Amino acid sequence: MMIWKKACAWLVAACCFFCLCGTVSAPAQAAPAPQAKPDRQALLVLVNRLSVDDVAGMPHMQAMARGLLNVNSGGRRIDASAYATLALGVPAQLQESALLAFNADESLPAQTDIPAASMYRQLTGQPAHTQNGVLLLSLFKQQRKQDLRQWSGTPGSFGDALHSRGLKTAVYGSSDRGTREWRPAALLTADSHGRTDFGDVSARVLTSAPERPYGVRTDYARMLQALDQNQPGACASLLVFDLGDLFRLESYRPKLSAERYETLRTQTLREIDAFLGELLAKADAQHLLLVATPQVSAEAAIQQQWLAPVAMAGGNTQTDAVLTSATTRREGLVTNLDVLPTLASFLQVDKPAGMIGYPLTTTTKLKPSALEVLHASTVWTYTHRDLLLWIIGAFVGTGFLAAVCRLLFASGPSLAFTRRLLWCILAMPLCLYTLPLWHARNFAETCAALLASLLVGVAIPFRILPFTQSVAGRAVWVAGWTVGVILLDIWQGGPLAKSSILSYDPIVGARYYGVGNEYMGVLVGAVSLLYGVLLQRRVPYGNLAFFLTGMLLTVFFASPVLGTNTGGALTMAGTTALCLAMQKRHRPPRALFYTLLSLCGALGIVVWLNQSPAMPSHIGTATHQVISGGFIEVLRIFSRKSEMFLRFFTTSAWSVVLMAVYVGFLLFLLRKPQDFPAAPALTGAALGAAVGLFTNDSGGAVAGMMLLFTLFPYLLLGLERLQQELDTAFSHRER
């Protein structure tokens with residue numbers, strides 16, 4: 001009995017003990033422990049409307065590796081498109097009104113009793129699965145609007161890539177202006193379901209400031225709290241901070257006096273730099289800090305300074321260095337397409353399919369102090385390019401009309417003057433290519449340098465060199481130097497091609513390296529002209545030499561290291577086949593067969609050389625997109641190219657004039673057989689210009705440059721014959 005009583009006592013004591021333990025432990029289970037910080041964390045700070053000049057008053061930003069960011073979005077340069085381009089990693093267009101982002105627990109402005117989480121469930125039929133996160137309610141409409149004319153970037157793909165690796169995202173910041181809600185940074189952190197794990201884009205990240213535009217300013221102290229170990233957002237691998245004070249200030253600028261605007265801008269920049277200083281202290285090998293500018297300031301936009309500041313610290317970033325990327329292959333110049341690939345690379349996440357940018361890296365080949373000079377020279381070229389090319393176009397047109405008048409009507413300028421004018425025009429591409437060597441700093445110096453180049457490159461050699469006293473010798477001099485200088489420059493990395501007025505423009509952003517379409521046409525036309533000289537001089541094995549040269553240049557254009565021009569490879573291969581077919585007098589069906597065969601071979605070389613990811617290029621990106629995207633991606637590329645092709649004929653009357661001259665010249669060559677040895681080369685090159693016209697998005701420029709090296713040599717030969725006839729008639733009179 002005693003044993004039974006003791007057993008009952010022990011049982012009651014045990015029950016009380018377990019009940020007591022359960023009562024004590026219950027509160028501990030209700031408060032989960034904070035999640036640990038990830039091994040790697042990327043901090044992206046977006047400072048909209050920051051200008052390059054502003055950096056001079058921001059010491060913390062100056063302490064970071066810096067560069068110039070091309071903010072081109074492929075269309076209208078508006079803020080919403082700038083954010084969309086950053087988020088998708090491809091050129092994108094978006095209207096401000098088409099972007100709706102709210103905290104999950106935030107009530108919608110039009111319906112104050114409906115939280116964003118409820119609206120999300122109404123739109124998707126699924127719960128938001130987040131209480132501390134941000135919901136991008138406009139994402140689903142964006143996904144439906146995407147069509148084949150756009151690039152293959154998918155909204156939310158970067159968020160999906162992070163979530164697939166178990167990584168979290170967070171976004172903080174608001175660009176609200178009074179009652180107008182606008183939170184564009186959520187585009188960068190949302191997944192394809194429109195969800196960002198943590199963050200705050202509501203008015204809670206703003207603090208009351210009656211003296212500021214719209215009565216608010218960014219609450220930087222609250223922003224910094226997001227990095228606190230006890231805050232939910234601290235466990236996110238990607239934190240995006242969107243600082244909207246400069247955007248609000250510029251929106252409010254028409255209501256402010258000039259002095260007040262400058263005072264507020266200086267104060268805002270000081271606050272932003274102080275915030276960057278707090279984040280910079282946290283940047284180390286495991287924490288990357290990237291500062292990017294979605295859109296330039298209004299003042300910079302008026303001056304067409306479409307390059308914005310960008311800075312980076314932490315990770316493997318070097319100090320006292322400038323930024324570069326495989327997208328541009330230029331020291332100090334990068335693009336907005338490179339921002340998300342940089343974050344993906346640091347977080348060790350695969351770049352989503354469709355993104356065409358590459359990670360930012362640092363280089364010490366250029367010092368940060370040289371960025372100001374780079375910015376000024378790049379903007380100057382962009383703003384003066386159209387005027388200079390218009391003057392040169394008028395010069396070319398004058399020479400053409402003068403030659404036609406002399407040949408058809410025996411009137412106009414003197415024969416000697418007309419011939420000199422045509423030779424100067426033929427040497428113009430070479431002079432423009434070497435123009436950066438003169439280091440001209442303004443419009444007057446540029447014109448003087450161009451005249452000096454013509455004097456040194458054409459006038460003096462034609463006077464003193466014996467072999468340049470004939471048309472063939474002069475053609476060898478001009479075309480030979482043109483081909484040699486371009487090839488040598490590209491072999492050395494293209495320093496002249498990157499700065500030439502006639503070459504590609506980094507602010508336009510269609511190309512940053514290799515051979516642009518203009519000088520691709522020059523190179524193909526000049527090589528064809530040299531082939532015509534070989535035929536004119538009846539050089540042995542001239543056909544074989546031209547065939548081998550055409551093959552090598554096709555590989556040169558297809559190479560991701562050198563020419564990097566798919567259209568150039570196709571144009572060179574097609575022109576080579578057409579020139580040889582004209583020389584062999586093949587019938588049109590056989591000539592067409594050989595041309596198509598050469599184009600297929602060139603396309604195969606392009607694909608073969610650009611499959612390896614060892615040397616990234618835009619051709620390689622397109623190749624991999626076609627391989628992964630299949631026929632849909634081919635349609636996208638064809639749609640973009642055809643749109644550019646049609647734009648050429650609708651934006652300028654000069655394009656119509658060019659095509660009229662080109663078609664007239666072709667009809668003249670094909671309907672009236674030519675009796676001089678160089679005719680097959682000129683005819684083949686003229687037909688090859690049609691290949692360049694249809695295989696390049698700026699095919700008009702290719703056709704125009706090739707026409708320069710086919711039509712003008714033909715005019716010079718005609719003027720040479722006319723001069724010989726006049727000399728013969730004069731000698732008969734003397735007798």
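The following exchange examines helix packing, a small sheet and a salt bridge in a predicted model.

Biologist: On what basis are residues numbered and features accepted?
Modeller: Residues are numbered from 1 along each chain as its sequence is written, and side-chain values use heavy atoms, with hydrogens and water left out. As the model is predicted, local features need pLDDT of at least 70 and side-chain atom pairs count only at pLDDT 80 or more, whereas totals for chains, interfaces and linings use all residues.

Biologist: What is the orientation of α14 relative to α17?
Modeller: Helices (DSSP runs of H or I, at least four residues) and strands (E, at least two) are numbered from the N terminus. The axes of α14 (residues 415-433) and α17 (residues 517-537) come within 11 Å and cross at roughly 135°; axes are lines fitted to C-alpha atoms, for helices over the stretch in contact, and angles run from 0 to 180 degrees between N-to-C directions. Angles under 35 degrees count as roughly parallel, over 145 as roughly antiparallel, 65 to 115 as roughly perpendicular and the rest as oblique. The relation of α14 to α17 is therefore oblique.

Biologist: Which residues of α17 meet α14?
Modeller: Contact means heavy atoms within 4.5 Å. From α14, the participants are Leu 426, Pro 429, Leu 432 and Tyr 433; their counterparts in α17 are Tyr 519, Val 522 and Leu 529.

Biologist: How is α15 oriented to α16?
Modeller: The axes of α15 (residues 443-464) and α16 (residues 471-491) come within 11 Å, with a crossing of roughly 150°. On that basis, α15 is to α16 roughly antiparallel.

Biologist: Which strands stand at the edges of the open sheet?
Modeller: The sheet has 3 strands in the order β3-β4-β6, with antiparallel pairing; two strands pair if DSSP finds at least two bridges between them. A single partner strand serves each edge strand, so one side of each lacks a neighbour in the sheet; these strands are β3 (101-103) and β6 (195-196).

Biologist: What is the bridge partner of Ala 101 in β4?
Modeller: β3 and β4 (residues 134-136) run antiparallel and are joined by 3 bridges. In β4, Ala 101 has as its bridge partner Leu 136.

Biologist: How many residues apart are Asp 105 and Arg 204?
Modeller: Their side chains meet in a salt bridge (3.6 Å, N to O), defined as a side-chain nitrogen of Lys or Arg within 4 Å of a carboxyl oxygen of Asp or Glu. Asp 105 lies in the loop between β3 and α4, and Arg 204 in the loop between β7 (198-200) and β8 (206-208). The pair links distant parts of the chain, and the separation in residues is 99.
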